[in-house]
Amino acid sequence: TATTTETAIFSVRNRREFAGRVNSREFIPIHLRAAIETANRLMQVRVYVNPTVVGSQSWTYLDQSNSAIEISTSAVTLTTSTGRKVESGPVPSGSPLLMDLRDFDLRTEPGDVIVVTVQTPPSGMSTAVTTVSLSGLEE
């Protein structure tokens, strides 16, 4: 759920170890899709690479045997002045966003973390149910 406070929806981490070895794979985010399920709302979507976060994250393997990626849906607070930031324009309800992240040349090395956040404007649109997904390639 998006609120007037920037909220971390999920995080993606490229593991340092994979298949019992030091991981040398990069994760390349390709597309970010976002939509608002609540009528008459707007939201802003942001993608951060290696931000400083406050709070602990609980990591889950995406596919332990076949992928070096872990995900977390833990609520964390960002220190937004850190990390690389990619930002969308306003996303209105009824008009899903598809961001081509290849335009930003986002590559993550082992140990790097991507955090996706959403936020609604403060003017009377306090919350919105959202759907956000990220697709990428491991090389």
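Strand S16 (130-138) contributes more to the lining of the largest pocket than any other element, with 4 residues. In this predicted model, the largest pocket has a volume of about 170 Å³. Its lining comprises 13 residues, and those nearest the pocket centre are Val 12, Leu 62, Ile 69, Ile 71 and Leu 134. Besides S16, the elements giving two or more residues to this lining are S2 and S9.

**Strand S2 and its partners**

Strand S2 (7-14) is also one of the strands that supply at least two residues of the largest nonpolar core. Because 6 of its 8 residues are buried, S2 is largely enclosed by the rest of the structure. Two antiparallel pairings of S2 are set out below.

| Partner of S2 | Bridges | Bridge pair |
|---|---|---|
| S14 (113-119) | 6 bridges | Thr 7 opposite Val 118 |
| S9 (69-72) | 4 bridges | Ser 11 with Ser 72 |

**Nonpolar cores**

The largest nonpolar core has 22 residues, and the members touching the most others are Leu 32, Met 43, Val 45, Val 47, Ile 114, Val 116 and Val 132. In addition to S2, at least two residues each come from S5 (27-36), S6 (42-49), S13 (97-100) and S14 (113-119). A further core lies apart from this one; it has 7 residues, including Tyr 48, Leu 78, Val 113 and Val 115.

Val 45 illustrates the surroundings of a core member. Beyond its neighbours within four places in sequence, Val 45 is in contact with Leu 32, Ala 34, Val 86, Glu 87, Ser 88, Val 91, Leu 97, Val 116, Thr 117 and Val 118. Two of these partners, Leu 32 and Val 116, are themselves listed with Val 45 among the core residues that touch the most other members.

**The environment of Glu 26**

Glu 26 is placed in the loop between strand S4 (21-22) and S5. Its relative accessibility is 18%, so Glu 26 counts as buried, the limit being under 20%. The side chain of Glu 26 forms a polar contact with the side chain of Arg 107, at 2.6 Å. When neighbours within four places in sequence are set aside, the contacts of Glu 26 are Asn 14, Arg 107, Thr 108, Glu 109, Leu 137, Glu 138 and Glu 139. Among these residues, Asn 14 falls within the range of S2 (7-14), while Leu 137 and Glu 138 fall within that of S16 (130-138). Glu 26 thus touches residues of S2 and S16, two of the elements that give two or more residues to the lining of the largest pocket.

Conventions. Residues are numbered from 1 along each chain as its sequence is written. This is a predicted model: local features need pLDDT of at least 70, side-chain atom pairs count only at pLDDT 80 or more; totals for chains, interfaces and linings use all residues. Side-chain values use heavy atoms; hydrogens and water are left out. A nonpolar core is a set of buried Ala, Val, Leu, Ile, Met, Phe, Trp, Tyr and Cys residues joined through side-chain atoms within 4.5 Å. Buried means under 20% relative accessible area, exposed over 50%, partly exposed in between (1.4 Å probe, protein chains only). Contact means heavy atoms within 4.5 Å. Two strands pair if DSSP finds at least two bridges between them. A polar contact is a pair of N or O atoms within 3.5 Å; within protein, one must be able to donate a hydrogen and the other to accept it, and residues adjacent in sequence count only if both atoms are side-chain atoms. On a 1 Å grid over the protein atoms alone, a cavity is a set of points where a 1.4 Å probe fits but cannot get out, and a pocket is an open set with protein on both sides within 12 Å along at least five of seven lines; lining residues have an atom within 4 Å of a point. Grid points are joined across faces, edges and corners, and a volume is the space filled by probe spheres set on the points.
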